Structure formats: structure tokens, C-alpha cells
Amino acid sequence: MKFVDFVRIKAIAGDGGDGCVSFLREKFLPKGPPNGGNGGPGGNVVIRATRDETSLKHVGHVCKAKKGQNGAGGGRNGNVGDHLVLNVPIGTVVREIEVEEEPRKMITKEEIQAEKEARWVLYPRAEDIQVPEGKPNFFKQAQRMMDEEDRYYRWRQRTKKGEPIHIDLTEENQQVVLCRGGVGGHGNPYFLTSDNRSPKWATRGRAGEIREFELEVKTIADIGLVGLPNAGKSTLLGAISNAHPKQADYSFTTLHPYVGTVDYADQYQLTVADIPGLISGAHRNIGLGHSFLRHVERAKILVYVIDISRSSPIDDLKTLQYELNAYKSGLTDRQSLIVANKADKVGTAKNNLEQLQAHVKGSIPIVPVSARYEKNVLKLTSVLRKEVERIRAIEIEEARKLEEAKEDDELV
Ligand SMILES: Nc1nc2c(ncn2[C@@H]2O[C@H](COP(=O)(O)OP(=O)(O)OP(=O)(O)O)[C@@H](O)[C@H]2O)c(=O)[nH]1
Ligand SMILES: [Mg+2]
């Protein structure tokens, strides 16, 4: 199965629907008033975070919303075009890429003329209407109106551009509009004036916005497991949580991140992310590379899963720490814990554990467990819970302080 956690997309909002030229036709009313409907606005491109998705593999490179419906006779306005809703996993970071605007080419008069003409919907034979001498040319008036409107839209685009979008979708159902659909065209009643009682033209809808984005999933889990291949991360996840990741006696069993939930008797829950194993040189893309670290980057606690029966667990720990720092410097300063796994292998385990303890000198707590035989895992889950509760409490307190500071600012 393909796992995609990074994509670049082009989001294209729908164009507005076209306005309609039409007149009321009734018996004994040969020249009824204009009644063409306006075009509907184009659909927006919206991005929404949901628990139902775990990767971005379903997101295409071009994401296009629908055009607005055209107006119709009898004053019927077109409907809004269907919005395109992109469902993405919670924890997706959305970054707008600023595309260099192409320098404006020299455009000829004919091109400008063609562009101007393309915006009109004309009544059959409207072009043939000769303007009698001395009468005002109503179509010219309408063109001037639209030139004015064009200027307004250009001005609005320039001034309302604002900051490029850069958001982090961290909550269920959080959604953001990436691109707005174009405005619908005017139906012919729009051009009705006291002099011109039967305007024979309407306008086409405006184009929808086009923008480019980078989407990156950074899983949000309380705990992130990191370890060399075969250290027993997936076995550990299976032992403590409701997840059943594949476990096997060869390297790189796990090919993509996996999140499990640990349930406690009192319904307390915390989430644990398991990622593919890291090896020395992962930052140079050796093995499966280190890009999967983005899925533990935001974990409150990093858990180093170390196979304590291997010849030198201290070197293994150093390798992991080196790779973590190569991915993002300072990542190893995060609250951490060492799980000394495979403690059931009595031969070397005891000696190695002592060496490891001497090496970290209490700076990182060490919990020996046997994931396969589920020994000491209850102790581990209670230690994890205590730490997560402590960090969550700090976070809530910080958020409260921030909120208070904001309120104070608003008062002043
Ligand atoms: N004896 C013993 N074997 C274990 C223990 N935990 C895991 N194993 C075995 O170690 C092997 C690897 O386990 P996995 O859980 O697949 O290891 P992993 O760290 O997820 O490996 P990758 O996904 O390849 O990175 C399996 O054969 C497990 O049965 C343990 O506590 N004791
Ligand atoms: Mg695994």
C-alpha cells in the first residue's frame, strides 16, 4: 500500500457561471422587460481535517472545484458551483507556495479587444444592431461599466492579497478555504437604464482563484517510538495499544507510520506513533530515510526503543540521537524515555542494561520490558501516562496564560 505524507497541489476554484440574456415573452406583451438571471459563483476549494484519513494518497496534484451554474430566463439565477472539499488527516500542515508571477507580456490592441469581447454573452443578432445617428451607444456604456468593475477587482486583488496561507490543521473538522470561486456574471437586467429598456447583453462569470500549496502530514500523537529496525517497536505498540501493526523478525517490517491508542481502565487515553526503523545514515536517505521522523516530531514524549540484547545498546542509543538531531537540531532535548526491550533474553541483557544505566546517569529514565511476552508493560504504560498528564497540564496552563495575556491586550 502506498503511503503519502507530502504533496504539492494546485488548487483551482470554480469560475463564475455566465449571466443570461432573456426577455419576458407573453401574449399581448410584444416587448417584455429583460429577465435573464445572474450566473452563480464558482465553487471554493476547501481543506478539512478528519480522523478518517491517515495519508494524502487520495489527494490529486490538481484540485479543481466546479464552475457556477449559468443564469437562465425568467430571472432564474444560477446555483453556486460545488465546492471541492479535500479531506486530510489531522496534523496536516498547509503551506502556500508563492508562485512567481510571470512578467506581463506586451499585449497587442487586438488581444485586449478580444479579451474584452470574450466577457460578453450577446443576444442573437445583437451585434447587428446599428446605432442610429445621434443616439447614445448603450453597448459602449455597458463596456465602460465593466471596465470600471474590472478595475475594482484588480484593485481588490492587489490590496486584499494578505499573507500567504500557512496553517496547521490540528483539530477534527477544522477547515480552511484555500481558493475562492469567481463571481457569477450579470444577467441582462443589470444593464437596464431609463434610456435603454432592452439591453441585449449579459456578462460571463469571473475566473476562480488559482493557488499552489504544499501539504505535509505531521502526525499528532502523545508518544513517538523511535528505534533501530527490529528493536521491537511494533511489538511494543501491539502490546500496549489497540493497534495490530505487523511484527516480524526482519528489518523494515514497518513501512509507514502507525498510530495506536492506549486505553486505561478509567477511560483515559493516549496515542502512540510507531514509525519505520532508523539506521545510521538515515539522514542521508539510507534505509527508509528519516522523513518519517516528521510523524514523531510533535510527540510530547520520545521513546527510544532499544534492543537490550544486542552487543552495544549504548551505540544504538547514540545512533538514534544523532539521526534525530540531524533531522531537526534540538529534537533530543524533548522529554524522553528509554525502553530497554527484549529484557527476557537473559544472556546479555542484564549486563547491557547496567551499562546503559551507567551511560545515561539518570538523565533519561529507563524502563526494561519484554514486549513479546508482555512483561513490565503495565509499569511502562503507567509511567507514560504520568508524564503525558504532567505535560498536558503544563500545556493547558500555558494556553490559559496566553489567552489571559490576549484579553489583557484587548482591554488596554
Ligand atoms: N525475545 C524477544 N523478542 C522480541 C521482543 N520484542 C520484539 N521481539 C521480536 O523482535 C522482532 C522484531 O519486532 P518488530 O516489532 O517487528 O520490530 P520493529 O522495531 O517494529 O522493526 P521495524 O518495523 O523493522 O523497524 C520480532 O520477531 C519480535 O517478535 C521481546 O521483548 N523479546
Ligand atoms: Mg515495526
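**Close-ups of two strand regions**

**View 1. A11 of β1 and its partner across the strands.** In this predicted model, A11 sits opposite C63 of β3. That pair belongs to a parallel match-up: strand β1 (residues 6-12) and β3 are joined in the parallel sense over 3 bridges.

**View 2. The open sheet around β1.** Pull back and you find 5 strands in an open sheet, ordered β3-β1-β10-β5-β7, with mixed pairing. At the edges are β3 (62-64) and β7 (166-169), each of which pairs on one side only. On average, neighbouring strands here are turned by 25° against each other, direction ignored. As a reminder, strands of a sheet pair through backbone hydrogen bonds, either parallel or antiparallel.

**View 3. Strand β14, under cover.** Now for β14 (residues 301-307), which is mostly covered, with 7 of its 7 residues buried. In a regular strand, side chains alternate between the two faces of the sheet. Here I301, V303, V305 and D307 point one way from β14, while L302, Y304 and I306 point the other way, and all are buried.

**View 4. β14 and its partner β11.** Strand β11 (residues 223-227) runs parallel to β14, and 5 bridges join the two. Look for V226, which stands opposite Y304 of β14.

**View 5. β14, β15 and the helix that links them.** Strand β15 (residues 336-341) also runs parallel to β14, joined to it by 6 bridges. A340 in β15 is the bridge partner of I306. To get from β14 to β15, the chain passes through helix α4 (residues 313-327), making a right-handed β-α-β crossover.

Technical notes. Residues are numbered from 1 along each chain as its sequence is written. Chains are lettered from A and ligands numbered from 1 in the order in which they are written. This is a predicted model: local features need pLDDT of at least 70, side-chain atom pairs count only at pLDDT 80 or more; totals for chains, interfaces and linings use all residues. Two strands pair if DSSP finds at least two bridges between them. Helices (H or I, at least four residues) and strands (E, at least two) are DSSP runs, numbered from the N terminus. Axes are lines fitted to C-alpha atoms, for helices over the stretch in contact, and angles run from 0 to 180 degrees between N-to-C directions. A residue is buried if 20 or more other C-beta atoms lie within 10 Å of its own, exposed if 12 or fewer, and partly exposed in between; C-beta atoms are placed from the backbone. A crossover is right-handed if, with the strands pointing away from the viewer, the path from the first strand over the helix to the second runs clockwise.
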